[in-house]
Protein chains: 2
Amino acid sequence: MARPKAFDRGAALAAATKTFATYGYEGTSTEALVKSMGIGRQSMYDTFGDKRALYLEALQHYCFESVGQIAVTLQATGSPLTAIEAALLGFAARIQDDSMCLGVGSVCEFGRRDREVTAIGKSSAASMQNIFAATIQRGKDLGEIPPEIDPKNAARFINATFIGLKVMARGGATHDELRATARMALRCLA
Amino acid sequence: MARPKAFDRGAALAAATKTFATYGYEGTSTEALVKSMGIGRQSMYDTFGDKRALYLEALQHYCFESVGQIAVTLQATGSPLTAIEAALLGFAARIQDDSMCLGVGSVCEFGRRDREVTAIGKSSAASMQNIFAATIQRGKDLGEIPPEIDPKNAARFINATFIGLKVMARGGATHDELRATARMALRCLA
DNA sequence: AGGTTTCTGGAACGAATAGTCAAATAAAGA
DNA sequence: TCTTTATTTGACTATTCGTTCCAGAAACCT
């Protein structure tokens, strides 16, 4: 039983994610995929199935990691309000390449046309709003956030703000513009 | 000099806009275009040039009309604050089909890759932020909006909220959810 | 080393793509 | 009615697409 070279599956998936995020599903050819992943075409088909399966796996993985990253940020900081601020601003600071958030990109490209894509998006958005809602509730308990705020609505609003920031970043907004926008959004919770 | 049937150019462009908004640029085939426009393929090429030119014209027209519509809403209502509310909520109420805002869609699909698409988006976003900023300044003058609000930043924030609402609507959010989100955003201006 | 297994590269396929050409059709003015 | 002209239709080209097949190269294990 030999086990030759074996490329890095995770790295290949990450590369595919970036390519999909940059050019969209329809805008990405299999040739562009194998080139960006740095593996042979046959390896891609053997490892990930086909283009669609690769996209779904990339989307799934991206959303999962994305939610996890936000959750870590939210729990790392003590104050709930500054935690949300850190999440928003931290994101704004992390922008550097011209690739889109794959989650937002999938919603924009497919809408609700594709059942599996929609399912991943729904689940991811639900998780995102849950952790935001929990943090906001924590802020209410601590008196940082006024009691008339409904955590569910506020969480959805924060999510909407995130989406807006991502699209504006994709459109070429500067870090300063994103930061200012994020700070404006935080006023709603104060 | 005869002048035969002559299809409705504006209606054809509107149909193309909707198709592009639903399926994206790469996701729309010329066959889908001519079918949705209700004209022959040759007519399309004669009238609009090629697929790209048609897309650019649709995008341009859509953005222009979009900005105009917002401007009308903002000036129709007396109070600046309720005008912005009307713009946000009015949009949320108008959602019914599953087509994306073509402007947001173009940014998500192309980023800053395409010079002409980028130019249209930039110009449209600038107009949008200008009319929002003017309305917010008016609100400050009337004392409806607190003086510490920077009109430019607030306008950008409102624009970001718009984007968030549009993407959430595309993802299947209900009218109630959109309304609640819009109301949360308005808290920032109060 | 040898053998086994994975990966790569190129060739090939059918389907779909954007765009063009020419003939057929239908409406308006003479 | 007859000509003119915009539109439609279908055939056509060339390219690109996603996918599969196959031969060769490379890496691990014994």
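**Close-up views of a two-chain predicted model**

**View 1. Two copies that share a surface.** In this predicted model, 100% of the interface residues of chain A are also interface residues in chain B, so the copies meet through the same surface. Each partner brings its share to the contact: 35 residues come from chain A and 35 residues from chain B. On the side of chain A that touches chain B, the elements giving two or more residues are α6 (102–110), α7 (115–141), α8 (151–170) and α9 (175–186) of chain A. If you want one helix to start with, pick α8(A), which gives the most to this side, with twelve residues. By residue type, the side of chain A that touches chain B divides into 16 nonpolar, eleven polar and eight charged.

**View 2. How the copies are related.** Two copies of a chain are related by a rotation about an axis and a shift along it. Here, a turn of 180 degrees and a shift of 0.0 Å along the axis lay chain A on chain B with an RMSD of 0.0 Å. That is the relation of a two-fold axis.

**View 3. A helix crossing in chain B.** Here we look at α1 (residues 9–23) and α4 (residues 51–76) of chain B, which pack at an angle of about 95 degrees with their axes 9 Å apart. That angle makes α1(B) roughly perpendicular to α4(B), because 65 to 115 degrees counts as roughly perpendicular. From α1(B), the residues L13(B), A16(B), T17(B) and F20(B) meet L54(B), Y55(B), E57(B), A58(B), H61(B) and Y62(B) of α4(B). The contact of α1(B) with α4(B) divides into seven nonpolar residues, two polar and one charged.

**View 4. Annotated stretches of chain A.** An unreviewed UniProt entry lists residues 6–66 of chain A as "domain: HTH tetR-type". Over residues 6–66 of chain A, the chain is 77% helix and 0% strand, and the end C-alpha atoms are 27 Å apart. For residues 29–48 of chain A, UniProt (unreviewed entry) gives "DNA-binding region". Over residues 29–48 of chain A, helix accounts for 80% and strand for 0%, with the end C-alpha atoms 15 Å apart.

**View 5. Chain A as a whole.** Stepping back, you will find nine helices and zero strands in chain A. Along the principal axes, the C-alpha atoms of chain A fill a box of roughly 60 × 40 × 30 Å. Of the 190 residues of chain A, 43% count as buried. Among contacts in chain A between residues at least 6 apart in sequence, 64% join residues at least 24 apart.

Methods:
Residues are numbered from 1 along each chain as its sequence is written. Chains are lettered from A and ligands numbered from 1 in the order in which they are written. This is a predicted model: local features need pLDDT of at least 70, side-chain atom pairs count only at pLDDT 80 or more; totals for chains, interfaces and linings use all residues. Two residues are in contact if their C-beta atoms, placed from the backbone, lie within 7 Å. Helices (H or I, at least four residues) and strands (E, at least two) are DSSP runs, numbered from the N terminus. Ala, Val, Leu, Ile, Met, Phe, Trp, Tyr, Cys and Pro count as nonpolar, Asp, Glu, Lys and Arg as charged, and the others, Gly among them, as polar. Axes are lines fitted to C-alpha atoms, for helices over the stretch in contact, and angles run from 0 to 180 degrees between N-to-C directions. Angles under 35 degrees count as roughly parallel, over 145 as roughly antiparallel, 65 to 115 as roughly perpendicular and the rest as oblique. Copies are superposed by least squares on the C-alpha atoms of residues with pLDDT of at least 70 in both. UniProt positions are given in the numbering used here, feature names are shortened, and annotations may be inferred rather than shown by experiment. A residue is buried if 20 or more other C-beta atoms lie within 10 Å of its own, exposed if 12 or fewer, and partly exposed in between; C-beta atoms are placed from the backbone.
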